[in-house]
Amino acid sequence: MRSRLLSALLGAAMLACGAAYAQAPQKGGTLNIVLGADIRSLDASKTDNNTDSVLYHIYDPLVAFKNDLTAGPALADSWEVSADGRTYTFKLKQGVTYHNGDKVVASDFKWLWERRMASKEGTDAPWLCIPTFDGSRGLKVASVEAPDDGTLVMTLDAPSTLFLVRLADPICNIWIASPKNVGADGKWVAGSAIGSGPFQLKEWKNEQYISLARFDGYVPSKGKRDGQSGDRTAFVDEARFMIIPDKTAAETALFAGQVDVVSTIQPSRMEDLKANGATILSSPGLSLTAMLIQTNDPLLSNVKMRQAIAHALDFKQIATAQTAGMSEFNPSGVPQSSAYFDQSFVDSWPAYDLEKTRQLLEEAGYKGEPIKLQTNKRYIGMYDNAVVIQAMLTAAGINVELEVLDWAAQLDNFFAGKFQMQSFGYSSRPDPMVIYGMFTGDKAETPNYQFGDPKALELYLKAVDTADFDARKAVLKDLQNLMAEEVPMLGLYYFPVIEAVSTKTTGYESWPLDRPRAWGVSKTQ
C-alpha cells in the first residue's frame, strides 16, 4: 500500500513539474548544466554521480529506472522471463546505430559485459559492480548470450527479485558501447565515447566542461519519457556540463543567464534563489548522507569507541538544521518513503547521551588521540556536516581534526578505505536492498564497504533471497539492529533533491534519483 502511495505521490510531483512547462518542444540552443566536479572517465572504469549522469546521455542503458523507480525499457524495448525465473530474454530496439554510424548489435553488449567482468584481474580499476553479479552477494549471472543481432539472453544461476533493479542501477552503467572504443592494445581509447544515446561527445575540456551534441540518429525506446527510460529524444543542439565547484559562483552564473540548471541546492538557499527569478524544483531524496567510520583503524576498530561517537551526536538536530526541516534523521538503509520503513529503523540507534559517551570513552581507554575527519568543499553539505560533527565530538571530549581534500582525492580514499572518518554522501538508490548493498560486504575484497561483519553480509544475503515482504522487512530490521550495535557508519538523513532552473528552459524535471537529464528539454531563445 505504502509503495503504491509513494508511486502516486512521485507521479503527481512529476506531473506538477511538467505542467509548469507544458509547451511544445522546439529544437535548438544550448542547455548549460552545472556539475560541482569533473567526470572521472568515459568508460565508467572510474565513476561517481557526475560521471554516471553524463555517460547516461552518451550511452543507451539496457533497461532504466522510470520515475516510479521501477525498471522500464531503454535499449531493450521488451523482455520475457522464463517460468523458472532464471532466464531473461531481451528484445533490443530495431534500427539503432552508434554515433559513428555502425549498427548496434546484441553481441556488443555481451562483449562489454565480459570485458567488465574480467576487469578484476590485471587492472587498477575493476568494474565496481562485479560483486553485484558474480555471486558473491547472492546474485549471479551464469551466462550472457546474443543468439541474433536483436536478442540478448541473460541467465542467472537462481531466480532473483533484484535482477532488473540491479541492471537499471545507474552506478553500474550497464549500457551498450561500440567495440571500436577499444584499441588493438585492449585499452579504452583516450577521449573515445562511441555510444548510441541521445547525445554524442563533442568535447571534454578537463575541469572546465563536457560538451555533448544532439545525436539526430538516436532511436527512442517505447513509451514516453519517464525517468531514464522511454523516449530520450534530445531537442537542444548542445548539452554542456559546466564544472563550477563553488556553489555561490554557480548561483551567480544562473542569475546572469550563463547556466540553466544548478543541482544539489542547500535548503537554506531556496528562498533567495526564488527571489532572484529562479524556478525551484524538488522531489523526495534517496541519497543517504553519512559519516563513515573506518572499522579497520587501530583506534576505531574498538566498538566502544564507535558507540561513544554515536552517543555524542544529536542526530535529530543535525538533520533538521542541515535540511531546513525538509528531512528527518534516519541512520538506516531504508528511506522514510520506502514501503519497508517504520520508526523502529530509527529508534534502535544509540540515543544522544553525553554521559554514556564519557563512560564508553573510559571503557575504551581513549587518551585524546586525534581522529582525522576527511571532507571537501566541492559539496558544501559534506563540509558543513563535518564542521558540525567536529564541534559536537569536540564538546564531548573526542579530539577530531578536519582534513579538507579535493573531491577526487577524497573519493579515491573512499574506494581504497584510506580514512579514519569521512563526511560522505551516497548516490541515490531506489531500493533498501540496493542501499544496504552499497555498504555491506567483505572489506578485504572491497575496501569501500563499511559494514564488514560476516554476520551483516549473511543477513543481507538472507534478505536478498527472501521474497515475502514481511519476512524480508524482519531481516532488514535484524540487519539494522546489528548496525546500531556495531556502528560501522553514522547515517544522518536522506538529502532532498533540490534544483534551481532558469525560466528559459522548457520540460526540465527533477526526480528522486537526483541526476540531471538534458533530453526532452527545450530552450527558449
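This passage describes a four-stranded sheet, a disulfide, a helix with one buried side and two residues with unusual backbone angles in a predicted model.

In the predicted model, 4 strands form an open sheet in the order S5-S6-S8-S7, with antiparallel pairing. Strand S5 (76-81) and strand S7 (141-148) are the edge strands, each of them pairing on one side only, and the twist from one strand to the next averages 20 degrees. Helix H3 (residues 106-117) packs on this sheet, where it touches S6, S7 and S8, and the direction of H3 makes about 155 degrees with that of S7.

Within the sheet, S5 and S6 run antiparallel and are joined by 5 bridges, and alanine 76 has leucine 92 in S6 as its bridge partner. The two strands form a hairpin with 5 residues between them, in which glycine 85 takes a positive phi near 75 degrees. On its other pairing, strand S6 (residues 87-92) meets strand S8 (residues 151-156), again in the antiparallel sense and over 5 bridges, with threonine 89 standing opposite valine 153 in S8. In a regular strand, side chains alternate between the two faces of the sheet.

The structure holds 1 disulfide, formed by cysteine 129 and cysteine 172, whose sulfur atoms lie 2.0 Å apart. The pair links distant parts of the chain, 43 residues apart, since cysteine 129 belongs to the loop between H3 and helix H4 (130-133), while cysteine 172 belongs to the loop between helix H5 (163-168) and strand S9 (175-176). The torsion about the S-S bond of these two cysteines is about -90 degrees, and the disulfide is therefore left-handed. Both cysteine 129 and cysteine 172 are buried.

Helix H15 (residues 454-465) has 12 residues, which at 1.5 Å a residue should span 16 Å, and the 17 Å between its end C-alpha atoms agrees with this expectation. Buried positions in H15 are Ala456, Leu457, Leu459, Tyr460, Ala463 and Val464. Because these residues cover an arc of only 160 degrees around the axis, they lie on the same side of H15. An α-helix has 3.6 residues a turn, so residues three or four places apart point the same way. The buried residues of H15 pack against H5, helix H14 (432-439) and helix H16 (469-486), whereas the face turned away from the buried side carries the exposed residues Pro454, Glu458 and Asp465.

Two further residues are notable for their backbone angles. Most residues other than glycine have a negative phi. Leucine 69, however, has a positive phi near 70 degrees, and is found in the loop between strand S3 (63-65) and strand S4 (71-73). A positive phi, of about 55 degrees, is also found at alanine 324, which is likewise not a glycine and which lies in the loop between helix H9 (315-322) and helix H10 (344-347). The two residues fall on opposite sides of the accessibility cut-offs, under 20% for buried and over 50% for exposed: leucine 69 counts as buried because its relative accessibility is 12%, whereas alanine 324, at 53%, counts as exposed.

Technical notes. Residues are numbered from 1 along each chain as its sequence is written. This is a predicted model: local features need pLDDT of at least 70, side-chain atom pairs count only at pLDDT 80 or more; totals for chains, interfaces and linings use all residues. Side-chain values use heavy atoms; hydrogens and water are left out. Two strands pair if DSSP finds at least two bridges between them. Axes are lines fitted to C-alpha atoms, for helices over the stretch in contact, and angles run from 0 to 180 degrees between N-to-C directions. Contact means heavy atoms within 4.5 Å. Buried means under 20% relative accessible area, exposed over 50%, partly exposed in between (1.4 Å probe, protein chains only). A disulfide is a pair of cysteine sulfur atoms within 2.5 Å. The expected span of a helix is 1.5 Å times one less than its number of residues. The arc is that of the directions from the helix axis to the C-beta atoms.
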